[in-house]
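Dear colleague,

I am passing on the structure we spoke about, which you will find directly below. Please have it open while you read the notes that come after it.

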Amino acid sequence: SAGNGMGEMEKVKVLVLMWHSQNERCINALPDSVSENYTFFYQQKSKRDTRTSKFATLLDYVDDAKRLIKEHGISVVLGTTDIGAILSAALAVELPELELRVPSLESVFVCNNKYYTRCNLDPDPIPFALLDLSAKNLQSACDEVASEVPFPEFFKPCSGARSIGVQSVATREDLFATAQSYIAKYGCNSPVKPLNMTFLEPFYEKYVDSKQYPLCFTPSAIVEKHMGSTRGVNADGCVFE
């Protein structure tokens, strides 16, 4: 908090990015001794279904957040979701004078893409392969992946959350059917789904180095070996022996 010149402490103004009900529940649960130091502003509810949102792309959210920050004199931004974190990183680039304490754009992008996460952050990854969901011959693409990763496997969309589309597969036929089902349900012809890149593409074009990260424009999934049951889990991961 900062003083207002009369000995009183001014509340810190916080913009909660891309409002979600979970954000508000968490903030309402803060002890009074903490919440009394802050004034929270909520950006419009995030919906990737552009039919019910006035924002068609993530860039629209960036512009809206910049407007709110300037209107209300906000000095802190809070992104509590994957996309919210990406948005907060973009605001740090757009508004360097605020010195926002947020992750870098590259780090949040890498963490939001399961393929790049494994390539960059995991020194000893579970066996996996990349499946291009936009491949002209999806059957051949699935067969190639199946030859690289032993069954049983897990199919995981590279960009997604809440385990949407995650599926265990036991055979080549299962893998192909799972990929087809995911594309049909969440693909580019569907207006609400993770593979609808129209929401993200303008943002990626502006902020992400497509030469370094070409998959930012490619709907894809990772297929990794299903490790089976474990003996336990700790802070370092799963314990098998």
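What follows is a description of the fold, its helix contacts and its cores, and then of some individual residues.

Please keep in mind that this is a predicted model. The protein chain has 241 residues, of which 36% count as buried, and its secondary structure comes to 9 helices and 11 strands. Among the contacts in the chain with a separation of 6 or more, 63% join residues that are 24 or more positions apart.

Two helix pairs are described here. The first is formed by helix H3, residues 58-72, and helix H4, residues 82-94, whose axes come within 10 Å and cross at roughly 60°. H3 is therefore oblique to H4, since angles from 35 up to 65 degrees fall outside the parallel and perpendicular classes, and the crossing of the two helices is right-handed. On the H3 side the contact is made by Leu58, Tyr61, Val62, Ala65, Lys66 and Ile69, and on the H4 side by Ile83, Ile86, Leu87, Ala90, Leu91 and Glu94. Sorted by class, the residues in this contact of H3 with H4 are 10 nonpolar and 2 charged, with no polar ones.

The second pair consists of helix H7, residues 138-148, and helix H8, residues 172-186, which pack at an angle of about 130° with their axes 9 Å apart. H7 is therefore oblique to H8 as well, and the crossing of H7 and H8 is right-handed. From H7, the residues Leu138, Gln139, Cys142, Asp143, Val145, Ala146 and Ser147 meet Arg172, Leu175, Phe176, Ala179, Gln180 and Ile183 from H8. By class, this contact of H7 with H8 has 8 nonpolar, 3 polar and 2 charged residues.

Turning to the interior, the largest nonpolar core has 37 residues, and those with the most contacts inside it are Leu15, Leu17, Met18, Leu58, Leu91 and Phe203. At least two residues of this core are supplied by each of H3, H4, helix H5 (105-111) and helix H9 (201-207). Another core, of 18 residues, lies apart from it and includes Leu131, Val149, Leu175 and Ala179; of these, Leu175 and Ala179 also belong to the H8 side of the contact with H7. Leu91, which takes part in the contact of H4 with H3, touches Leu17, Val62, Ala65, Lys66, Ile69, Val77 and Leu100 when residues up to four places away in sequence are not counted.

Leu100 also appears among the contacts of Val76, a residue found in strand E5, residues 76-78. Leaving aside neighbours within four places in sequence, Val76 is in contact with Val12, Lys13, Val14, Leu15 and Leu100, and although Val76 and Leu100 are 24 residues apart in sequence, their C-alpha atoms are 6.5 Å apart in space. Val76 is partly exposed, with a relative accessible area of 33%.

Two further residues can be placed around strands E7 and E8. Ile164 lies in the loop between strand E7 (153-157) and strand E8 (167-169), and is partly exposed, with a relative accessible area of 34%. With residues up to four places away in sequence not counted, Ile164 touches Pro157, Tyr182 and Tyr186; the C-alpha atoms of Ile164 and Tyr186 are separated by 9.4 Å, with their positions 22 residues apart along the chain. Ser168 lies in strand E8 itself and is partly exposed, at a relative accessible area of 35%. On the same basis for counting, Ser168 touches Glu153, Phe154 and His226, whereas Ser168 and Lys156, 12 residues apart in sequence, are 9.0 Å apart from C-alpha to C-alpha.

Finally, there are two backbone features to look at. Most residues other than glycine have a negative phi, and most peptide bonds are trans. The peptide bond from Phe151 to Pro152, however, is cis, with omega near 0°, and Pro152 is found in the loop between H7 and E7. Glu99 has a positive phi of about 50° although it is not a glycine; Glu99 lies in the loop between H4 and H5 and counts as exposed, at 68% relative accessibility.

With best wishes

Note on methods. Residues numbered from 1 in each chain as written. Predicted model: local features only at pLDDT ≥ 70, side-chain atom pairs only at ≥ 80, totals over all residues. Heavy atoms only, no water. Axes fitted to C-alpha atoms, helices over the stretch in contact; angles between N-to-C directions. Helix = DSSP H or I, 4+ residues; strand = E, 2+ residues; numbered from the N terminus. Parallel < 35°, antiparallel > 145°, perpendicular 65-115°, else oblique. Left-handed = near helix turned anticlockwise from the far one by under 90°. Contact = heavy atoms within 4.5 Å. Nonpolar A, V, L, I, M, F, W, Y, C, P; charged D, E, K, R; others polar. Core = buried A, V, L, I, M, F, W, Y, C linked by side-chain atoms within 4.5 Å. Buried < 20%, exposed > 50% of the residue type's maximum accessible area, 1.4 Å probe, protein only.
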